[in-house]
Amino acid sequence: MTPPLTWFLLLSAALFSVGTYGLLTRRNAIAILLSIEIMANAVNINLVAFSRCLGDLAGQVFTLFAISLTVAEVVIGLAIVVLLYRDRDDVRADLADRMRG
Amino acid sequence: MNVALFVVVAAVLLAASISVVAGRELVRSVLWLAVALASTAVLFVLLHAEFIAAVQILLYTGGIITLMLFGVMLTARITGVRIAVGSAGRVRGGLVAVGVFATLAWGILASQGTIVAHEPLDPESTTRLLGAAFLTDYLLPMEVLSLLLLAVMVGAIVLARRRDPS
Amino acid sequence: MTALLPLLLPLLVLGVILLVLVADLLLPATDRRAVGILAAAGVAGTLAASLAISPSGEAFGGSYVMDELTLYLDRVFLAAAVLGILAAIDHADRHFPTRQGEYYLLLLASLAGMLVLAGARDLVLLVVAFETAGMPLYLLAALPKSPDGRSTEAALKYYFVGAASTAIALYGLSLLYGAAGTTRIAALGAAPVSPLLFVGVMATFAGMAFKIGLVPFHFWVPDTYEGASTPFVAFLSVAPKAAGYAALLRILHGGLLDHHALWLPPLLVLSAASMILGNVIAIPQGNVKRLLAGSGIAQVGTMLLAFAVGTAEGVAMLLFYLAAYVFTNMGAFVVQSVMGEHAASDDMQAYRGLARTAPGLALAMLLFLLSLAGIPFMAGFWAKLQVFIAVWHAHQAALVILAAVLAVMALFYYLRVARAMYIEPPPEGAVAPVVARPTRVALIACVLGTVGLGVFPEPFVRSALDAAALFLGQ
């Protein structure tokens, strides 16, 4: 038999809270992104568990869309982080040029 | 049997997630995330959502972890980005997290029994039904999503390429 | 073909996207200004089409509906997009000439998401459309690079807030799905009242409130507005807020109005908090973008008041407020984009003596400020007054009095800008700022909208009332 729905929901709630903790305390951009992933993962557990308990397909469909959206979001996040990195690198390069000249 | 498996997987999942947010070494955090996402896939198998489990492994564990590792390699030196007002310390962050968990757990425990369990889906036909749903009832969100993915792809490429001289 | 008729407006925007892609490909990298003009013309054409059509019913098994509410919101989104594109043309051509096409592509994709969102009656469609409206904005925030590099940091902050709020909203929606056993919004109301439902509603609301910029989820607003490019902020300051309210209308009014008592008290508290804190943020600002950010927080708080009361009159006045807000707030940001470019700073000092150096621009800004403050015969006056009346009818007199007092207080900081323009002398050798032609068109449209809605509010109020009454079935 499958464990009861409540167990899955409580596990998901715990994961969501862990993600929230990371979101609030981490300062590194990638670490924040990882924390948000933990939160998004909790959502998927909720959806699939509900889908199983309700015998309803919509929860699984919802999960697949949620996964796709999260992947798109990560791509954007990394693009912006890389951009920020290069901006700062540009600044360093500018300084180096000026000091030389 | 399944209950025992659930307890083990849940413990691994929780421990891995805590390691992700608490770890100091970024690369390790990413690898712990891989563990967390993979153990989530095991949970999905337990829930008879085999297709979702496969997607979880392919897209999340495969795609996102690779992306994240690239991200770590490219940007190891960036620090000091703050999200919250004055980026909460560990104590405040911990208090908020405990508060969130308490609220959610109250909502879940106090609502036991309001959700009426139904006959579960037939695991044999779930994947086929999913495929059909994507091409019928959920065709519109599918199309909207494809537009979003196009926009994200174009946008990410244009950001990653060299900038105009400004 | 007729099955797709309800989706005519998003499909037209898709057509504009294709045109933009092709034009971007054909034009030489050195001269792509025409892409923006094409995009603006295409969206303006879609707006014209939206004025000509009438609601055409459901599509895709009822998960999407083109009703009076969808049509009204679509017009608001389309107007905001036309103005947002027009305001960006000169800026884009100057600062990132080779990447203009991508800028408009992202803005149009966001617009298409909003158009679908307005009519979403299924949680899955609503989430996908909401994210399609939201995600391109993160990229748009990062695309124009400010000389000091702050725009990328502003974009990253906006992205983190957006991604985290999405996770929160999705968590809430997953609980709503579980509590109701369906993703059909119309059937959510059948869910039994339970703590789970309450937590789900609140998490969903919190996720959306982040994007609207409501207290206590507002902390990112001043920084992002200050750091991002001003023409983009003009769009950002109205369209996503309208999208957030559209999503909340569909979920809370469309699905959970039977449980109104569940969500009314927290929303009223947040509305009061937003109105108070927004004004507190705006009062001491010397930076015009930060001032407008604070004012925006207060304005969405007033809108939340109209939203929360849960009556058809309240919904109608929220809709009218959104329309007035598009012209008024975008107008103010467009003026600021001109002034910021001219003075290379967003400080209020740049406005000194503007009435003498550029009387037309000063007058336009004065009109926008008066409308934001809610002075009679401006769009913002009717918006505020009608919200107050609707909230009064819903027996929330104390909040009406609070809102009215704060509106008078707000006059103080709006008039500080006016004083700089009209009373202080211009600095030595001040010259009039150059207003490019597309920007001028956008400004004229904003002035016409602000004054037009102020002098002839009836047709707009009536169509808002119709939309709200039909939506709520009252």
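**Notebook: confidence, contacts and core of a three-chain model**

I began with the weakest stretch of chain A: over residues 91–101 pLDDT stays under 50, and the model has one contact beyond four places in sequence for them. The model is a predicted one, and I kept a general caution in mind: where pLDDT is low, the predicted coordinates should not be read in detail.

**Entry 1. Confidence in chain A**

I looked up the chain as a whole next. The mean pLDDT of chain A is 86, with 85% of its residues at 70 or more. Which elements mark the two ends of the confidence range in chain A? I found the lowest mean, 78, in α3(A) and the highest, 95, in α1(A).

**Entry 2. Chain A against chain B**

I then listed the residues in contact between these chains. Chain A gives 64 residues and chain B gives 75. On the side of chain A that touches chain B, the elements giving two or more residues are α1 (5–25), α2 (29–54) and α3 (58–100). The largest share of that side, 20 residues, comes from α3(A). I also sorted this side of chain A by class and noted 44 nonpolar, 16 polar and four charged residues. I record again that α3(A) is where confidence in chain A is lowest.

**Entry 3. Chain B against chain C**

Here I found 30 residues of chain B in contact with 42 residues of chain C. Two elements of chain B, α4 (90–110) and α6 (139–160), give two or more residues to the side that touches chain C. Of these, α6(B) supplies the largest share, 13 residues. By class, I noted 21 nonpolar, six polar and three charged residues on this side of chain B.

**Entry 4. Domains of chain B**

The domain assignment divides chain B into domain 1 (1–79) and domain 2 (125–166). I noted 23 Å between the C-alpha centres of domain 1 and domain 2 of chain B.

**Entry 5. The largest nonpolar core**

How many residues does the largest nonpolar core have? I noted 306, and those with the most contacts inside it are A:Ile80, C:Ala80, C:Leu108 and C:Leu117. Helix α13 (residues 312–343) of chain C gives the most to this core, 21 residues. Where does the core lie with respect to the domains of chain B? Both domain 1 (1–79) and domain 2 (125–166) of chain B give residues to the core, so it lies between them.

I followed one of the residues named above, C:Leu108. Not counting residues up to four places away in sequence, C:Leu108 touches C:Val13, C:Val16, C:Ile17, C:Val20 and C:Ala39.

**Entry 6. Chain C as a whole**

Chain C has 19 helices and two strands. Its radius of gyration is 21 Å, close to the 23 Å that the globule rule gives for 474 residues, so chain C is as compact as a globular protein of that length. I noted spans of about 70 × 55 × 40 Å for the C-alpha trace of chain C along its principal axes. Of the 474 residues of chain C, 66% count as buried. Among the contacts in chain C with a separation of 6 or more, 80% join residues 24 or more positions apart.

**Entry 7. C:Val334**

I chose a residue in helix α13 of chain C, C:Val334. Is C:Val334 buried or exposed? It has 28 C-beta neighbours inside 10 Å and therefore counts as buried, the cut-off being 20 or more. Leaving aside neighbours within four places in sequence, I found C:Val334 in contact with C:Ala87, C:Ala234, C:Thr439, C:Ala442, C:Leu443 and C:Cys446. C:Val334 and C:Pro231 are 103 residues apart in sequence, yet 6.4 Å apart in space, C-alpha to C-alpha.

**Entry 8. Backbone geometry in loops of chain C**

I looked up three loop residues. The peptide bond from C:Val215 to C:Pro216 is cis, with omega near 5°, and C:Pro216 is found in the loop between α7 (195–212) and α8 (220–227) of chain C.

C:Ala344, in the loop between α13 and α14 (354–357) of chain C, has phi near 55°, a positive value in a residue other than glycine. With 9 other C-beta atoms within 10 Å, C:Ala344 is exposed.

C:His395 sits in the loop between α16 (379–393) and α17 (397–422) of chain C. Phi of C:His395 is near 65°, again positive in a residue other than glycine. C:His395 has 8 C-beta neighbours inside 10 Å and so counts as exposed.

Conventions. Residues are numbered from 1 along each chain as its sequence is written. Chains are lettered from A and ligands numbered from 1 in the order in which they are written. This is a predicted model: local features need pLDDT of at least 70, side-chain atom pairs count only at pLDDT 80 or more; totals for chains, interfaces and linings use all residues. A nonpolar core is a set of buried Ala, Val, Leu, Ile, Met, Phe, Trp, Tyr and Cys residues joined through C-beta atoms within 7 Å. A residue is buried if 20 or more other C-beta atoms lie within 10 Å of its own, exposed if 12 or fewer, and partly exposed in between; C-beta atoms are placed from the backbone. Helices (H or I, at least four residues) and strands (E, at least two) are DSSP runs, numbered from the N terminus. Domain bounds come from an automatic or database domain assignment. Two residues are in contact if their C-beta atoms, placed from the backbone, lie within 7 Å. Ala, Val, Leu, Ile, Met, Phe, Trp, Tyr, Cys and Pro count as nonpolar, Asp, Glu, Lys and Arg as charged, and the others, Gly among them, as polar. pLDDT is the predictor's confidence in each residue, from 0 to 100. The radius of gyration is taken over C-alpha atoms; the globule rule is 2.2 Å times the number of residues to the power 0.38.
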